[in-house]
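Open your viewer, get your selection tool ready, and let's walk through this structure together. Each stop says what to select and what to look for there.

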Amino acid sequence: MGFGIIVFLAVIIGVLGSPGVTSRPEAAASADVSAHPNSVPETPEIFGQEKVLVLEEVEEDVMMTGELNPNQYPAQRAAKVVQHYLNTCYGSPYRVIGLNRVHSGNAQDVTDSGRKFQLEISVQDFISNKTEKCSAEVFFPSGGQQRSPQVHASCEELPKINTQAQEEALYQKYKTNQSRLSAELPDSFGHIDPDMEPLWHLGTVASSFIMLNESTENTLYNMAQVANITQLATENEQLKFDYHILLHEMVSQEIIHWKLLFTWSPPAGVKVLQMEQLPHSHHHEPLNTR
Amino acid sequence: MVDSAALSLVLLLSAVGAATVEKVNYDYYKYHPMPEISNWMTQTAQDHPDVVTIVDYGHTYENRKISLLKIGLSTGEKKKVIWMDCGIHAREWIAPAFCQYFVRQILQTYKTDPKMEEMMKNMDFYVTPVLNVDGYIFSWKDNTTRLWRKNRSPGTSSCDCYGTDLNRNFDANWGTIGVSYDCCSEIYCGSKPVSEPEAQAVTDFVGSRKDDFLCFLTIHSYGQLLLVPYGHPNFTADNYDELMEVGLAAADAIRGVHGKNYKVGTSPAILYPNSGSSRDWARQQGIPFAYTFELRDNGTFGFQLPEDQIQPTCEEAFTGALHIITYAHEKTFNGATAATAALWTMLLAASVTGANLM
């Protein structure tokens, strides 16, 4: 540890430069700062009495086209869309994919058409914890009509881990069942009954169809909760479910309610039959109600 | 007759004695409803009377007290201040949990850790475990209210939804970007700047002694981010470089605890532009180290973070917050320049976390 500390100190002194000068962190740590050639050197004030905000040059431009800063929101939002896409393709009650990190990104305007992103990302299988790299392309169409993004992605490994036995067991368990299953996954305390976890994962996968559809460059969706599950009669060897799910959209901070009718079986995967956004009457409360 | 009366008296006294002396073991790794948090605050002040006092500094729309714990060794002198608030957004339950953990940690460590003791001598910590008390209580009401965000002030004659987003209500570029004027929106900025009593409480209390504040840390979830001012893309803090440097070092320290990645940057760069946030207001007041913490997770559980993640989340967030606080302290009290202060705190982080640096 002793020698390591000395080396570490040497590295730090090298990085920080001479004391007394606020150095711009050029070396990429977790957030890159684009070097701005025209910035006026500031006297570092410890207790700056800023009452008036001066319109200064932007220190950290958000890069929207060309090479992207992978930590900034344009690449992050596009990468989230890839996550949703991958779940629609490969997700199951025993496979849910999450975005791990964005390594690099590039964006171009497509004239009169939209914007295209190329991304190098890592994703993680939530259940097996395995991570892997993917290359993806996301196209956000522009224009008045709300159109869904188009995604292409190729990953090193997917699908690889064999979940067949578990899926089959789950299928058999619910094949002859038909009822309203008590849900609220997770509950207020983040708890999910282990028995219900596969149905929670199924909700994430099915929600990904909605989230993929609804995503734009100005949104970031996560599933907040499965509020209710009704299992309907098995049809054509497919389990059939009616889910009430809550999505959280980060930019507006809204909780959006959706009703999802979908089927699932091990061989066929998730097939969405109907998706319907529900009005959130909860927002509107008559005054003086407690 | 006298004997039984005496016996009863003895029993009564010992029961009373037991009740006041006995320390209830508070579970910091569970979510607590508001009454339990209030009791915990009272108990904490009672248990550490020389170091902790409760300060009521405002009231909510529904007329509940807004209180903070003032923690520090009395020196009789005017001291510099570290501000921390949690629970400005009701549904972000991990935030109040962290404030409580933070208090427990500093009270536990200052007696044995000389650096913490020094900081307690030089500074006071003002910790508000729940700022948006009405909203927090409402989020505990039933499973349909769990995801409430705003406060509980009523709408207007033309708009029948409740609540203003307190973190859009501060007087910092108020109402310009990243807000809605629709009172039904989750990011409704209110009828005017500081229209909300909760925002008013912070503005009055902090504003009246803003020159004393070194740090203003406001705790939220989720997203695993450290956000620096400003939320408006056209404005840059004059100490942006320093804020980033210290923030990145804090994120490194966080990663050393449980491997979680926290991104660092301005809101407009890594999240979304916004205006009227408490952090922006604090920075505008001249408080140099103003950060928003967005704690775990990345969207898997979101606001409903499982209780078994409270401990690791608090541990990593504490490390990050302590890094920033220590830096501010060193810069102010130990005559260190920015560079050597950062160096010093990186060393501290290395020794504390025992991180593998190589």
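How many aromatic pairs does a search of the whole structure find over all chains? The search returns 32 of them. Keep in mind on this tour that the model is predicted.

**Stop 1: an aromatic pair**

Select B:Tyr28 and B:Trp40. Their ring centres are 6.2 Å apart and their planes meet at 85°, so this pair is edge-to-face. B:Tyr28 sits in the loop between α1 (2–21) and α2 (34–47) of chain B, while B:Trp40 belongs to helix α2 of chain B, so the pair ties together parts 12 residues apart in sequence. Are these two residues buried or exposed? Both B:Tyr28 and B:Trp40 are buried.

**Stop 2: the next residue in the loop**

Move on to B:Tyr29, which also lies in the loop between α1 and α2 of chain B. B:Tyr29 has a relative accessibility of 24%, so it counts as partly exposed; the buried class is reserved for values under 20%. Show its surroundings, leaving out neighbours within four places in sequence, and you will find B:Tyr101, B:Arg104, B:Glu307, B:Ile310 and B:Gln311 in contact with B:Tyr29.

Now add B:Phe98, B:Tyr101, B:Phe102, B:Phe125 and B:Phe318 to the selection: together with B:Tyr29 they form one aromatic cluster. Within this group, B:Tyr29 and B:Phe98 are 69 residues apart in sequence, yet their C-alpha atoms are 9.4 Å apart in space.

**Stop 3: the largest nonpolar core**

Stay on B:Phe98 and display its contacts. Setting aside residues up to four places away in sequence, B:Phe98 touches B:Met84, B:Ile219, B:Leu295, B:Cys314, B:Ala317, B:Phe318 and B:Ala321.

Which residues of the largest nonpolar core touch the most other members? Among its 70 residues, they are B:Ile71, B:Met84, B:Phe98, B:Phe102, B:Phe125 and B:Leu217. Colour helix α3 (residues 94–109) of chain B as well: with 10 residues, this helix gives the most to the core. For a detour, a second, separate core of 32 residues includes A:Tyr171, A:Ile245, A:Leu260 and B:Phe301.

**Stop 4: strand β4 of chain B**

Select residues 123–128 of chain B, which make up strand β4. Six of its six residues are buried. B:Met123, B:Phe125 and B:Val127 point one way from the strand, whereas B:Asp124, B:Tyr126 and B:Thr128 point the other way.

Next, bring in the partner strands. Strand β2 (residues 65–71) of chain B pairs with β4(B) in the antiparallel sense over three bridges, and B:Ile71 stands opposite B:Phe125. Strand β3 (residues 80–86) of chain B pairs with β4(B) in the parallel sense over six bridges; here B:Met84 stands opposite B:Val127.

**Stop 5: a charge and two rings**

Centre the view on B:Arg152. Its charged end sits over the ring of B:Trp148, 4.7 Å from the ring centre. The charged end of B:Arg152 also sits over the ring of B:Tyr162, at 4.6 Å from that centre.

**Stop 6: an annotated residue**

Finish at B:Glu294, which the UniProt annotation "active site" covers, from an unreviewed entry. B:Glu294 lies in strand β8 (residues 289–295) of chain B. Its relative accessible area is 8%, so B:Glu294 is buried. Which residues is B:Glu294 in contact with, leaving aside its neighbours within four places in sequence? Select B:His220, B:Ser221, B:Tyr222, B:Gly223, B:Gln224, B:Leu225, B:Leu227 and B:Tyr262 to see them.

Methods. Residues are numbered from 1 along each chain as its sequence is written. Chains are lettered from A and ligands numbered from 1 in the order in which they are written. This is a predicted model: local features need pLDDT of at least 70, side-chain atom pairs count only at pLDDT 80 or more; totals for chains, interfaces and linings use all residues. Side-chain values use heavy atoms; hydrogens and water are left out. A nonpolar core is a set of buried Ala, Val, Leu, Ile, Met, Phe, Trp, Tyr and Cys residues joined through side-chain atoms within 4.5 Å. Buried means under 20% relative accessible area, exposed over 50%, partly exposed in between (1.4 Å probe, protein chains only). Helices (H or I, at least four residues) and strands (E, at least two) are DSSP runs, numbered from the N terminus. Contact means heavy atoms within 4.5 Å. Two strands pair if DSSP finds at least two bridges between them. Rings of Phe, Tyr and Trp (its six-membered ring) pair if their centres lie within 6.5 Å; planes under 30 degrees apart count as stacked, over 60 as edge-to-face and the rest as tilted. A charge sits over a ring if NZ of Lys or CZ of Arg is within 6 Å of the ring centre and within 35 degrees of the ring normal. UniProt positions are given in the numbering used here, feature names are shortened, and annotations may be inferred rather than shown by experiment.
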